[in-house]
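Thanks for coming, everyone. Please bring the structure up on your screens. I'll talk you through a few spots.

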Amino acid sequence: CRIDGNKITKNGWSNAGTDFAPLSSSLGSGIYGNLANCPVTNNQITDNAFGIYLIAGSAAPNPDHSVIGFNAINHNGAAGLVLVDLKSYELVIGNTIISNVNQTAAVKYAPTGFTEDMALVNAHALVFTGNTVGVGSDTKIPIYGHARCRYTNNQFLYGPPTEVGPPTAGSPLYDTWGYGTNDDNIWRDNWFYAFSQPVLWATTTRVQISDNLENGTLVDGVAVSPTLAANR
């Protein structure tokens with residue numbers, strides 16, 4: 001498949017005042033489902049309950065091997081970009097993901113309760129580059145587990161990417177790759193606005209943070225076996 005050059009708007013905006021379970025979210029999303037080998041490019045996705053919401057099926061190893069590129073994902077009610085149980089090798093490049101905020105306190109993804117511009121839940125080998133990301137109505141970009149991911153040349157506005165927890169037991173990432181912590185990720189050449197670097201989970205190991213800028217100040221460091229405070 002290829003989803004390119006569309007304007008996708010007004011899906012679920014008027015009825016977005018309730019919690020969304022993972023499957024019922026399809027009623028309020030611009031693009032929803034599990035896509036493999038499918039470029040999603042050059043779309044304008046606005047004023048939906050969710051912008052792009054990709055989630056693995058019960059047996060399928062998707063979404064994987066796809067491109068999410070050069071989309072404007074703005075002004076969606078609950079979240080802009082949500083990737084759940086991403087098995088492998090997704091490229092997210094050149095997107096603008098900002099001003100996605102909840103209409104009311106009840107608009108959220110029910111299991112985790114996030115109302116952010118973007119959230120990752122169990123991602124493996126994600127390449128995330130050249131994106132501009134806000135934080136919605138929260139103070140962070142939540143990451144509920146990721147491993148072997150690479151984040152380069154992005155602009156993160158107003159709040160840090162934050163490892164909220166490790167991969168969860170029972171998820172495709174945890175079962176397939178055996179990761180119980182947020183390991184082997186690289187943060188390089190990013191611009192962090194008003195904060196210094198990602199917030200790592202207490203058990204995270206083998207992380208490289210190098211050549212990033214915090215409002216013009218170089219943030220550099222390699223964590224082999226870091227001693228980190230608990231998530232906050």
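Let's start with one side chain, that of N76. A polar atom of that side chain lies 2.9 Å from the backbone nitrogen of N48. Keep in mind that this is a predicted model, so the distance is computed from predicted coordinates.

Where does N76 sit? Find the loop between β8, residues 72–74, and β9, residues 79–86; N76 is in that loop. Is N76 buried or exposed? N76 has a relative accessible area of 0%, so N76 is buried.

Step back along the chain to N74. This residue lies in strand β8. N74 counts as buried, because its relative accessibility is 13% and the cut-off for buried is under 20%. Which backbone nitrogen does its side chain approach? That of I98: the nitrogen lies 3.2 Å from a polar atom of the N74 side chain.

Now the wider surroundings of N74. Leave out its neighbours within four places in sequence. Then N74 is in contact with I45, T46 and D47. The list also includes T96, I97, I98, S99 and N100.

T46 deserves its own stop. T46 belongs to strand β5, residues 44–46. Its relative accessibility is 9%, so T46 counts as buried. What does T46 touch, once residues up to four places away are set aside? On one hand, I8, T9 and K10. On the other, N74, H75 and N76. So we are back at the residue we began with, because T46 touches N76 and N76 is itself buried, at 0%. One more distance here. T46 and G77 are 31 residues apart along the chain, and their C-alpha atoms are separated by 9.0 Å.

Next, the aromatic rings. How many aromatic pairs does a search of the whole structure find? Eight. Take F50 and Y53 as an example. Their pair is edge-to-face, with 5.0 Å centre to centre and 75° between the planes. Both partners are buried: F50 has a relative accessible area of 0%, and Y53 has 0% too.

There is also a cluster of rings. Ring pairs link F128, Y151, F156, W187 and F192. Hold on to three of those names, Y151, F156 and W187.

They come up again at the cavity. Rolling a probe the size of a water molecule over the atoms shows where empty space is left. How many cavities of 30 Å³ or more are counted here? One. The largest cavity holds about 30 Å³ of space.

What lines the largest cavity? Y151, F156 and W187 are there, with M118, L120, I141, I143 and P161. Two strands each supply at least two residues of that lining: β12, residues 118–124, and β15, residues 141–147. By class, the lining has eight nonpolar residues, no polar ones and no charged ones.

Last, the whole chain. Its secondary structure comes to one helix and 22 strands. The chain has 232 residues, and buried residues make up 50% of them. What share of contacts spans a long stretch of sequence? Take contacts between residues at least 6 apart in sequence; 60% of them join residues at least 24 apart. The T46 contact with I8 is on view if you want to look at one example of a contact in this chain.

That's my tour. Over to you.

Key:
Residues are numbered from 1 along each chain as its sequence is written. This is a predicted model: local features need pLDDT of at least 70, side-chain atom pairs count only at pLDDT 80 or more; totals for chains, interfaces and linings use all residues. Side-chain values use heavy atoms; hydrogens and water are left out. Helices (H or I, at least four residues) and strands (E, at least two) are DSSP runs, numbered from the N terminus. Buried means under 20% relative accessible area, exposed over 50%, partly exposed in between (1.4 Å probe, protein chains only). A polar contact is a pair of N or O atoms within 3.5 Å; within protein, one must be able to donate a hydrogen and the other to accept it, and residues adjacent in sequence count only if both atoms are side-chain atoms. On a 1 Å grid over the protein atoms alone, a cavity is a set of points where a 1.4 Å probe fits but cannot get out, and a pocket is an open set with protein on both sides within 12 Å along at least five of seven lines; lining residues have an atom within 4 Å of a point. Grid points are joined across faces, edges and corners, and a volume is the space filled by probe spheres set on the points. Ala, Val, Leu, Ile, Met, Phe, Trp, Tyr, Cys and Pro count as nonpolar, Asp, Glu, Lys and Arg as charged, and the others, Gly among them, as polar. Rings of Phe, Tyr and Trp (its six-membered ring) pair if their centres lie within 6.5 Å; planes under 30 degrees apart count as stacked, over 60 as edge-to-face and the rest as tilted. Contact means heavy atoms within 4.5 Å.
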